Amino acid sequence: MSTPPRSAERPDQLPSWRRLVRHGREAQALRLADLFARDPGRFERLSFECGALFLDFSKQRVTAETLDLLLDHARSLDLPARVAALLGGEKVNSTEERAALHTALRFRGKGPYPCADRDVMPEVRAVLGRIHAFCESLHRGELAGFDGRPLRNVVNIGIGGSDLGPAMACEALRSRHVAGMRAHFVSNVDSTELARVLEVCDPAETLFIVVSKTFSTRETLANAESAREWLLRAANDPAAVARHFAAATAREDRARDFGIEPGRVFGLWDWVGGRYSLWSAAGLAIAAVAGADTFEALLAGAGEMDAHFRAAPLEANAPVLLALIGIWNRNVLGAPTLAVLPYDGALGLFPAYLQQLEMESNGKRVDHSGGPAALETCPVVWGGLGNDAQHAFFQKLHQGGELVPCDFIVAARGQCEIGGQHLESVANALAQSRAMMRGRSAEEVSREMYPPHAGDLLAAAHRAVPGNQPTTTIVYDRLGPATLGALIALYEHKVFVQGVCWGVNSFDQWGVELGKEIARDILARLAGEGGTGEVDASTAGLLRRVLALRAQRGEESVHER
């Protein structure tokens with residue numbers, strides 16, 4: 001049986017939540033600048049070291065009382081027992097009757113995974129060993145293409161968690177890439193992405209990795225089949241598929257039918273969700289371009305965060321504090337979004353990765369009981385590289401009028417420092433978080449314009465910045481695989497804790513299935529094969545328009561040829 005929530009009450013009915021809400025009404029008037037002015041030790045009390053990561057919560061609109069109330073609410077929800085259930089292999093994915101054992105993939109102990117009902121570690125270690133052997137052969141040039149040249153282009157074909165995690169990690173670890181290895185990622189089914197990748201790849205030097213748990217994901221298979229056709233046109237030999245393709249899947253039989261030999265099929269398991277799968281064989285592309293040792297260090301860094309999450313008391317537990325402050329911002333202060341702002345060029349894809357991790361996990365309206373969720377759940381997660389974002393959407397953050405909590409992610413040292421440029425990036429990060437906290441009043445602007453006159457007073461109103469925007473800053477030295485692993489795991493565990501607070505299952509994603517079902521029917525109509533479902537007037541009209549445009553353009557193409 002699946003593991004039900006320990007608390008029978010809805011989260012909003014608990015006395016601990018009512019106390020938080022009452023406190024929140026009083027806290028609405030808090031000004032961050034005043035909190036710092038009244039408490040010289042605020043930074044020391046609200047910043048925490050967690051392995052390679054340093055987290056500063058002092059610019060959040062919280063007090064010591066706020067944190068006490070949040071922690072009391074977490075205990076009312078029996079959070080320690082829920083964490084133990086997750087890390088003990090219980091079936092926390094209640095709707096699918098599964099455990100969520102992604103943490104077993106980075107467990108570095110000698111024996112079984114702690115407290116699991118069954119020992120998954122032999123198969124986990126076996127697949128990891130095969131990944132190591134495969135990648136070492138690849139880097140030694142022993143895995144040759146159809147004309148004997150070594151494989152140097154690695155093209156990952158997947159979508160969702162089979163793309164976002166590996167792509168983000170490969171980009172973040174670019175400085176660790178093995179000499180001569182190049183990573184490419186294809187997820188979009190409209191063929192533009194695939195065409196652009198194939199343009200820059202030599203088929204004789206290209207390894208395709210097809211990542212699909214079921215080996216039936218429509219977008220992934222469409223791209224894989226097109227890639228196979230491209231390869232066979234160049235090789236003119238069906239046997240070339242076995243040389244140029246590998247797969248990460250739970251369906252070896254389907255991969256074999258595709259033409260991939262069993263020795264190049266790496267197993268996935270149903271207890272690893274897609275958005276948590278980069279730690280598994282779904283991360284084969286990471287090891288293929290950055291090396292198996294780099295992949296191992298990535299796993300080890302995440303494992304260290306798992307150990308911290310398991311053992312640290314709630315009041316000093318980094319993922320728990322990050323999560324609870326997010327609950328405060330979302331459900332008490334009423335912030336509908338969260339901006340993620342890395343000031344590290346290596347993390348350009350991290351906000352997009354977190355979008356899936358957070359919104360696919362906790363973007364739910366139904367709680368464990370099947371009833372409506374008691375509280376608003378996951379905020380909209382968005383963001384981008386901080387230095388670029390300053391010249392794009394920071395105006396909205398500073399003067400737009402809405403409450404937008406922000407996570408600043410800052411590298412003390414860049415991976416590739418040129419001159420003093422990285423220091424400039426760090427300066428911008430610290431300056432922007434200070435500006436969001438402090439703001440600048442119209443009176444301060446007027447004093448700077450002394451002596452004031454009517455025009456200056458109008459200008460002062462336009463130049464004033466309200467401030468009081470809550471921010472968290474996460475600082476680390478230089479981004480390496482272990483630090484990246486810890487950072488990802490930090491947010492994974494944050495998501496789980498928030499799911500507990502909202503009473504939702506963080507490990508299913510039924511909402512994405514409906515669109516897939518409808519797409520199959522519409523694809524049949526577009527292909528002239530008819531359809532079985534009803535179509536509304538808008539969709540029917542759009543279908544007619546698309547078909548007419550394709551017919552018209554087809555005639556023009558024939559005429560041009």
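Which residues are exposed on the other side of H8? Before getting to that helix, a quick look at the whole chain helps. The model is a predicted one, and its chain holds 23 helices and eleven strands. With a radius of gyration of 26 Å, close to the 24 Å that the globule rule gives for 561 residues, the chain is as compact as a globular protein of that length. The C-alpha trace spans about 80 × 60 × 60 Å along its principal axes.

As for what is tucked away, 52% of the 561 residues count as buried. Take the contacts with a separation of 6 or more: residues 24 or more positions apart account for 74% of them. The chain still exposes about 24,800 Å², and 53% of that comes from carbon and sulfur atoms. On the charge side, there are 60 positive and 68 negative charges, and their mean positions sit 1 Å apart.

Now back to helix H8, which covers residues 192-199. Its buried residues include Leu-194, Val-197 and Leu-198. Seen down the axis of H8, the buried residues fall within an arc of 95°, so they line one face of the helix. The general background is simple: an α-helix has 3.6 residues a turn, so residues three or four places apart point the same way. The buried residues of H8 pack against three strands and a helix, namely S3 (153-157), S4 (182-186), S5 (206-211) and H9 (218-235). That leaves the opening question, and here Arg-196 and Glu-199 are the exposed residues on the other side of H8.

Note on methods: Residues are numbered from 1 along each chain as its sequence is written. This is a predicted model: local features need pLDDT of at least 70, side-chain atom pairs count only at pLDDT 80 or more; totals for chains, interfaces and linings use all residues. Side-chain values use heavy atoms; hydrogens and water are left out. Helices (H or I, at least four residues) and strands (E, at least two) are DSSP runs, numbered from the N terminus. The radius of gyration is taken over C-alpha atoms; the globule rule is 2.2 Å times the number of residues to the power 0.38. Buried means under 20% relative accessible area, exposed over 50%, partly exposed in between (1.4 Å probe, protein chains only). Contact means heavy atoms within 4.5 Å. Accessible areas come from the Shrake-Rupley method with a 1.4 Å probe; for residues, only the protein chains shown count as cover. Lys and Arg count as positive and Asp and Glu as negative; His and the chain ends are not counted. The place of a charge is taken as NZ of Lys, CZ of Arg, CG of Asp or CD of Glu. The arc is that of the directions from the helix axis to the C-beta atoms.
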